[in-house]
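Okay, everyone, thanks for coming. Let me put the structure up on the screen and then walk you through it.

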Amino acid sequence: MTRDHLQIVVCAAGPAADVTQLITTATQQSWTTAVTATPNALDFIDVEAIKRLTGHPVRSTYRSSPGGRRTFSAADALIIAPATYNSINKIALGIADNYAMTTVAELIGRQAPTVVVPFVNAALAARVPFQRAVANLRNERVRVFLGTDDGWEPHPSGSGNSRQRVFPWTAAFEEVTWMAGDMHASSTDRS
Ligand SMILES: Cc1cc2nc3c(=O)[nH]c(=O)nc-3n(C[C@H](O)[C@H](O)[C@H](O)COP(=O)(O)O)c2cc1C
């Protein structure tokens with residue numbers, strides 16, 4: 001039996017350092033995982049620790065080895081977390097200017113169950129482009145984990161450290177597995 005595979009995309013914000021929590025949670029639930037990082041996110045993560053936990057090197061460029069071919073990361077589900085203001089706006093617009101953004105664009109286009117967990121302060125979240133981006137992603141059936149119902153709100157500027165400690169890694173995983181299960185069920189119904 002093949003195990004479900006979770007593609008995790010990390011952006012350049014503080015909680016990226018704790019992505020190992022998501023990997024561990026997913027592994028305990030028998031999912032395989034791989035991490036793709038935006039180029040800026042590489043400064044925030046421990047690539048060796050991630051490689052040990054996932055069994056795969058962190059990807060941030062098109063090539064997995066010097067001279068290697070362009071490859072695409074297939075996945076049963078996608079979590080983009082932490083998702084920065086910058087990357088959320090780009091994803092909503094369809095911008096694919098690095099390997100992580102291209103992976104995200106393609107997986108959303110393939111209708112992979114996708115959860116985005118923003119880590120933005122209230123000032124950035126108040127911007128109209130950000131609010132449009134969130135609405136547009138939701139229209140594409142991307143689950144943006146943000147708002148009172150999710151118990152996850154933009155934080156006041158300067159409070160990022162305390163918010164990082166309560167970043168909803170487990171809730172994001174539960175959400176995406178629920179979505180993936182729902183999609184399995186509807187494809188079985190159709191067959
Ligand atoms: C120490 C540090 C912390 C940052 N924290 C955040 C953050 O919490 N949220 C955010 O949207 N951007 C944050 N930024 C800014 C992003 O890193 C910046 O917008 C970057 O261009 C995002 O790149 P990416 O979206 O490609 O990962 C932070 C930058 C630094 C240097």
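So, strand 1, residues 5-10, and strand 2 run parallel, and six bridges join them. To pick out one of those spots, valine 10 has alanine 37 in strand 2 as its bridge partner. Keep in mind that this is a predicted model.

Now zoom out to the sheet. It's an open one with five strands, ordered 2-1-3-4-5, and the pairing is parallel. Which strands stand at the edges? Those are strand 2, 32-37, and strand 5, 143-144. Each has a single partner strand, so one side of each has no neighbour in the sheet.

Okay, helices. Look at helix 1, residues 19-28, and helix 2, residues 47-54: their axes come within 10 Å and cross at roughly 5°. An angle under 35 degrees counts as roughly parallel, so that's what we call this pair. On the helix 1 side, the contact is made by Val19, Thr20, Ile23 and Thr24, and helix 2 brings Ala49, Ile50, Leu53 and Thr54. Sort the residues of that contact by class and you get five nonpolar, three polar and no charged.

Last stop, the ligand. What comes nearest to it? Of the 14 residues around the ligand, that's Cys11, Ala12, Ala13, Thr38 and Thr84. As for who supplies the shell, the largest share is three residues from helix 3, residues 85-93. And for the chemistry folks: seven residues of the shell are nonpolar, seven are polar, and none is charged.

That's my tour, so over to you.

Methods. Residues are numbered from 1 along each chain as its sequence is written. This is a predicted model: local features need pLDDT of at least 70, side-chain atom pairs count only at pLDDT 80 or more; totals for chains, interfaces and linings use all residues. A residue is near a molecule or strand if its C-beta atom, placed from the backbone, lies within 6 Å of it. Helices (H or I, at least four residues) and strands (E, at least two) are DSSP runs, numbered from the N terminus. Ala, Val, Leu, Ile, Met, Phe, Trp, Tyr, Cys and Pro count as nonpolar, Asp, Glu, Lys and Arg as charged, and the others, Gly among them, as polar. Axes are lines fitted to C-alpha atoms, for helices over the stretch in contact, and angles run from 0 to 180 degrees between N-to-C directions. Angles under 35 degrees count as roughly parallel, over 145 as roughly antiparallel, 65 to 115 as roughly perpendicular and the rest as oblique. Two residues are in contact if their C-beta atoms, placed from the backbone, lie within 7 Å. Two strands pair if DSSP finds at least two bridges between them.
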